[in-house]
Amino acid sequence: MKKELWLTVIQLYTLAFLCLFSAPAFSQQDSLSEVNYIVNRIIVTGNKTTKLHIVERELIFHTGDTLPSVILENAIARSKENLLNTGLFNFVEINRYSDQAGKSDVHISLSERWYLWPFPFFEVVDRNFNEWWLTRDFTRTNYGLYLTRENFRGRSESLKFQVRLGYSQRLGVFYNIPYINKQQNLGVAFGAFYTRNREIAYKTEGNKLVFYKDPNQFIRKDWTAYGRITRRSGIYDFYSFTADYRRINVIDTVVTLNEGYFINKAPMQQQLSIGWSYRHDKRDYKPYPLKGYLFDFEVAKTGLGFLKNEPELLALASQLSIYHQWSPRWNSSISIKGKISGTSLSPFINMRALGYGTDAVRGYEYYVINGNNFFIARSTLIKYTIFPTHIYIIPFFRSEKFNKVPSTIYFSLAADAGYVRDRQFSEGNPLSNHWLAGYGAGIDYVTYYDLVFRFEYSFNHLGEHGFFLNFAAPF
C-alpha cells in the first residue's frame, strides 16, 4: 500500500508541476494575435475605510499600461484574487469597459468586511476538535474577550487585545503594520502576552499527550514578547526577520515527572530566538486555494548563548504546495513539507512535529508524533465542486458586511504520508521513526470570513478509521 501511495503522490506532483508551469506559455502564445488596449482609468469604489494606496498595491496593471486583451483579462483576474487575499474585503468585482479607440476603463467595486470585533469567544484547547470530542470535557475550554481592530486607520494594520480565561489564561496585545514606508514594501509587527495554566502536557506515551493538573495552583507561567520586520518584494514575495524572548516557569513536579521537559532539570527555561523566512505565495485564495502554488523556507535559531538555562537549537523548514484546476469543477493538489534540526538535544517543550494544526496525516487526528525531524506529503487526488459558489442574502441583516453569504461545497479524495525522526522520546511512542500513511474522502464547505468546515472519513495504516471534523483547508 505504501509503495502504491508514493507512486500516486509522485505522479500527481509531476503532472501538476508540468501543467502549472506550462500553462503561461500557452496563454502568452495565444495572446500574440490579440489587439492591444491602453488602461485609460482605474476607478475604485466601495473603499469607505481602506486607503486607495492599499488597494493599488495589489494590482498588477496600472494606468497607462498597454496590454493585449487576454493579458489584461488575466491581470484583472489575478488582481481580484490579490485583493481578496488581503482579508479586507468580502467581495471584489472588477469590470473592464473598452471603446473602439483601444482604451479601457477598469472599475473595481469593493465590499469591505466588518473590521471591529469586540466579542466574547469560546474555544476548545485540545489540538483539534476531534480529540476534544472524545471526552467532551468543558473544563478543557477557553473563554474570554477579543478586541480586534482590523484594517486600522484604513492601512491594513491590525491591533488586537486578548483577555482569555478558563483552561489556558492569557493577557496579550498585538500590533501589525504591513507598510511603514512610501514604497509600501517594509512593515513591522510587535506582540507580548502572558499565559498561565493549571494543567499541561508534560510527555507523550503511546503517541498521546499525557497531562498533569493541579487545581490549586498554576503549574506553568509563560512570558513571551516578539518583534518582526517584514519586506514585500513585488506582489508575491515576502521576507521576514523575527526576534523573540520567552521565559517559562513550571513547578518542580513537572521536571520530576519528565526530566527532559527543559534542557536541564531546572524548573525554568528562558530563550532568545531569531528567525528568517521567505515565502513565494501565488495561490488564488489563501484560506482555500484551488489554483497556484506556495513555496516557503524558514531558518530559526533558538538560544543565542546569552541567557541562563537556554537551549541551543537550529532548525530548517520548507514547504512546497501546488494546486491545479483541470476544469471549472475539477481540481487536485499536493503539498510537501519537511523540517530538519541540528544534533543538539531538544527539551520536550520545544519538540513539535506532526499532530498540530494542519501538520497532520489524515487518519491520525488522535495522535501526536513529536520529533526532531519530520517529512509530510499531503495530496488531494480529486476535488470536485458539488455546488459552485452561490451568494445567499440574509434579509434581516441590513449591512452588506453580513447579509451576503457565499457558499461553496466540494467533494474530495485524499492520501497522505509522513515520517518523524525522534532521537530522544521515541520509547513508548511506536509511531515515531516509522512511515505513516492515511487516506480518506470528505465534504468541504467554504463560506465568508474565510470559514472552512471539512467533514472527512479517514483511514490509517493501523487499520483504524473514523469521522473527523476540521476547520481549515488541509494545507
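The expected span of a helix is 1.5 Å times one less than its number of residues. Helix H3 of this predicted model can be held against that yardstick: with 17 residues, H3 reaches 24 Å from its first C-alpha to its last, close to the 24 Å expected. Just after H3, glycine 87 adopts a positive phi of about 75°.

The surroundings of H3 are a good place to begin a tour of the fold. Four strands make up an open sheet of mixed pairing, in the order E2-E1-E4-E3. Strands E2 (66–68) and E3 (89–98) stand at the edges with a single partner strand each, so one side of each is left without a neighbour in the sheet. On average, neighbouring strands of this sheet are turned by 40° against each other, direction ignored. Helix H3 (residues 69–85) packs on the sheet and touches E1, E2, E3 and E4, its direction making about 165° with that of E3.

Within the sheet, strand E1 (residues 36–45) and strand E4 (residues 103–112) pair in the parallel sense over seven bridges. Among the bridge partners, valine 39 is matched with serine 104 of E4, and isoleucine 38 with lysine 103 of E4. E3 and E4, by contrast, run antiparallel and are joined by nine bridges; here phenylalanine 91 stands opposite serine 111 in E4. These two strands form a hairpin with four residues between them, and glycine 102 in the turn has a positive phi of about 85°. Seven of the ten residues of E4 are buried, so this strand is largely enclosed by the rest of the structure.

What do the buried residues of H3 pack against? Their partners are E1, helix H2 (52–56), E2, E3 and E4. The buried set in H3 includes Leu72, Ala75, Ile76 and Leu83, along with Ser69, Ser79, Asn82 and Asn85. In soluble globular proteins, nonpolar side chains tend to be buried together. The largest nonpolar core here holds 21 residues, of which Phe61, Leu83, Phe89, Ile108 and Leu110 touch the most other members. Two or more residues come from each of E1, H2, H3, E3 and E4, and H3 gives the most, with four. Leaving aside residues up to four places away in sequence, phenylalanine 61 touches Val39, Ile42, Leu67, Leu72, Ala75, Ile76, Ser79 and Val106. A second, separate core of 13 residues includes Tyr202, Ile219, Val254 and Tyr261.

Charged pairs complete the picture, with a count of 22 salt bridges. One of them lies in H3, where arginine 78 meets glutamate 81 with the closest N and O atoms 3.3 Å apart. Being three residues apart in the helix, arginine 78 and glutamate 81 are separated by about one helical turn, and both are buried. Elsewhere, the side chains of glutamate 199 and arginine 140 meet in a salt bridge at 2.7 Å, N to O. Glutamate 199 lies in strand E10 (residues 199–205) and arginine 140 in the loop between helix H4 (129–135) and strand E6 (141–152), so the pair ties together parts that are 59 residues apart in sequence. Glutamate 199 counts as buried at 13% relative accessibility, as does arginine 140 with a relative accessible area of 9%.

A further salt bridge joins aspartate 281 to lysine 286, the closest N and O atoms being 3.9 Å apart. Aspartate 281 is buried at 4% relative accessibility, whereas lysine 286, at 27%, is partly exposed. Through shared partners, salt bridges link Arg279, Asp281, Arg283 and Lys286 into one network.

Definitions and conventions:
Residues numbered from 1 in each chain as written. Predicted model: local features only at pLDDT ≥ 70, side-chain atom pairs only at ≥ 80, totals over all residues. Heavy atoms only, no water. Pairing = 2+ DSSP bridges. Axes fitted to C-alpha atoms, helices over the stretch in contact; angles between N-to-C directions. Contact = heavy atoms within 4.5 Å. Buried < 20%, exposed > 50% of the residue type's maximum accessible area, 1.4 Å probe, protein only. Core = buried A, V, L, I, M, F, W, Y, C linked by side-chain atoms within 4.5 Å. Salt bridge = Lys/Arg side-chain N within 4 Å of Asp/Glu carboxyl O.
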